[in-house]
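Open your viewer and get ready to select residues one stop at a time. At each stop, pick out the residue or element named, then look around it.

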Amino acid sequence: MYRLFFQLVFKRMDPERAHHLAFRWIRLAARVPVLRTLAAAVLAPRYTQLRTEALGLRMHGPFGLAAGFDKNAVAVDGMAMLGFDHVEIGTVTGEAQPGNPKRRLFRLVPDRALINRMGFNNEGSAAVAARLAARRPVFRTTVGVNIGKTKAVPEADAVADYVKSTERLAAHADYLVVNVSSPNTPGLRNLQATEALRPLLTAVREAADRTVTGRRVPLLVKIAPDLADDDIDAVADLAVELGLDGIIATNTTVARDGLGLTSAPSLVEETGGLSGAPLKARSLEVLSRLYARVGSRITLVGVGGVETAEDAWQRILAGATLVQGYSAFIYEGPFYARAIHKGLAARLAASPHATLAEAVGAQTRKAAQ
Ligand SMILES: Cc1cc2nc3c(=O)[nH]c(=O)nc-3n(C[C@H](O)[C@H](O)[C@H](O)COP(=O)(O)O)c2cc1C
């Protein structure tokens, strides 16, 4: 049904307009008590066997919405209503900014992929912090806050920009993510080099501890799939050394290898980050590599090309405690999270593992034997 609707309506619309339209419907539905209760009953069934403890937090399940969909934290309840067990808002930057000129989002439908060069369009840390502070949650869900650098801030002042966002947002975050992996802010990915990453993560950790007393806000870093294997290992080692809570693997890619030669070449050539199905193999590879390096010392979050329950299950077996999706939601529609939960529960029941936690990393551990 959604597929037909997508073909007839969304596919004919500019992708960013379609996003805003769908987003408005989700927000509207979440505001009407009868509608949201009904929608949640259908789309967000709970499976006790999928209950997840991660980052010191209790969640209904392991599957959440990746950053970039709800940049300004306007639809957290709407996304929870659709069955996402956690919602990562952002990327939020220190200051508000409009992002790159439009058109900046492209659908590669035959490849089940997207290319975006949004460039962190968002209302800025002060506005988003105010919105989160005023929020009266309807559904209990975990809210991650993903922060990045304001484009106008020079690379040399990046740390201060991240610290500003941390001071404003950490108190409202169940977990905080330092995003150094978007390809659409010039120079941002240079911050993944350990010489730059060490002072950045140290400063953000200190800022979070200074601002939020009474609990320790879990801190994660989100990395690109385009890092060389040695650099992935270096980030993993640094994360352990600094006592980081987690790593999110991965952001979008600047590579174009995975494309099935079916999307128009003009689209494939658009500048930006590629996400969706063509990213699946590399994201899984990065995740397995991270797990082989850090094991259970750090919580790993698997994202990139997760379309089906089988994909989510493979991420868990590779080492992910949490799994996220974005692009497949555009193609699969409102039943996306529900299908993942149902399939995960079935896979867990059919597996030799008694709990989901036991399944985490099982495949990677076996491969290492
Ligand atoms: C339109 C769009 C905007 C995105 N914006 C952000 C962002 O602001 N911050 C971020 O960390 N990741 C962002 N991402 C990356 C996603 O969070 C995710 O890491 C990536 O798309 C891979 O997952 P997927 O294949 O399920 O889409 C964005 C992705 C898309 C498609």
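**Stop 1: K71 and its loop**

Select K71, which sits in the loop that joins β3 (63-65) to α4 (76-81). This is a predicted model, so keep that in mind as you explore. Is K71 buried or exposed? Residues count as buried when 20 or more other C-beta atoms lie within 10 Å. K71 has 20 such neighbours, so K71 is buried. Now show its contacts, leaving out residues within four places in sequence: I89, G90, T91, N121 and N122.

Stay in this loop and select A73, which also lies between β3 and α4. Check its backbone: A73 has a positive phi of about 60°, although it is not a glycine. A73 is buried, because 23 other C-beta atoms lie within 10 Å.

**Stop 2: the positions listed by UniProt**

K71 also appears in a record. An unreviewed UniProt entry lists it under "binding site", together with N116, R117, M118, G119, F120, N179, N184, N251 and T252. Try selecting that whole group and giving it one colour.

From this group, pick R117, in the loop between β6 and α5. It has 20 C-beta neighbours inside 10 Å, so R117 counts as buried. Which residues does R117 touch, beyond those up to four places away in sequence? They are N100, R104, N184, T271 and G272.

Next, select F120, which lies in the loop between β6 and α5. Its phi is near 55°, a positive value in a residue other than glycine. F120 is buried, since 25 other C-beta atoms lie within 10 Å.

**Stop 3: S182**

Move on to S182. The unreviewed UniProt entry gives this residue the annotation "active site". Look for S182 in the loop between β8 (175-179) and α7 (194-211). With 25 other C-beta atoms within 10 Å, S182 is buried. Setting aside residues up to four places away in sequence, S182 touches T91, F120, G148, L188, N251 and G273. You have just visited one of these, F120.

**Stop 4: around the ligand**

Now show the ligand and the 28 residues around it. Which of them come nearest? They are A66, G68, S275, Y326 and S327. Colour the shell by class and you should find 11 nonpolar, 15 polar and two charged residues. Several elements each supply at least two residues of this shell: β4 (86-93), β6 (113-116), β11 (273-276) and α12 (327-332).

**Stop 5: strand β4 and two cis bonds**

Select T91, in strand β4. Look at the peptide bond that leads from G90 to T91: it is cis, with omega near 10°. For another cis bond, go to the one from K102 to R103, where omega is near 0°. R103 is in the loop between β4 and β5 (105-108).

Come back to strand β4 and select V92. V92 is buried, because 29 other C-beta atoms lie within 10 Å. Not counting residues up to four places away in sequence, its contacts are N122, S125, V128, V145, N146, I147, S165 and L169. Now try a distance: V92 and L242 are 150 residues apart along the chain, and their C-alpha atoms are separated by 23 Å.

**Stop 6: helix α5**

Two of the contacts of V92 were S125 and V128. Select helix α5 (residues 125-134) and highlight its buried residues: S125, V128, A129 and L132. Turn the view so that you look down the axis of α5; the buried residues fall within an arc of 100°, so they line one face of the helix. What covers them? The cover includes β4 and α6 (158-169).

**Stop 7: the largest nonpolar core**

Finish with the largest nonpolar core, a set of 103 residues. Those with the most contacts inside this core are L176, V221, I247 and L290. Helix α10 (residues 280-294) provides the largest share of the core, six residues. For a last selection, choose V221. Apart from residues up to four places away in sequence, V221 touches V178, V180, L201, V235, A239, L244 and I247.

Conventions
Residues numbered from 1 in each chain as written. Predicted model: local features only at pLDDT ≥ 70, side-chain atom pairs only at ≥ 80, totals over all residues. Near = placed C-beta within 6 Å. Helix = DSSP H or I, 4+ residues; strand = E, 2+ residues; numbered from the N terminus. Nonpolar A, V, L, I, M, F, W, Y, C, P; charged D, E, K, R; others polar. Buried ≥ 20, exposed ≤ 12 C-beta atoms within 10 Å, placed from the backbone. Contact = placed C-beta atoms within 7 Å. UniProt positions renumbered as here; feature names shortened; annotations may be inferred. Arc of directions from axis to C-beta. Core = buried A, V, L, I, M, F, W, Y, C linked by C-beta atoms within 7 Å.
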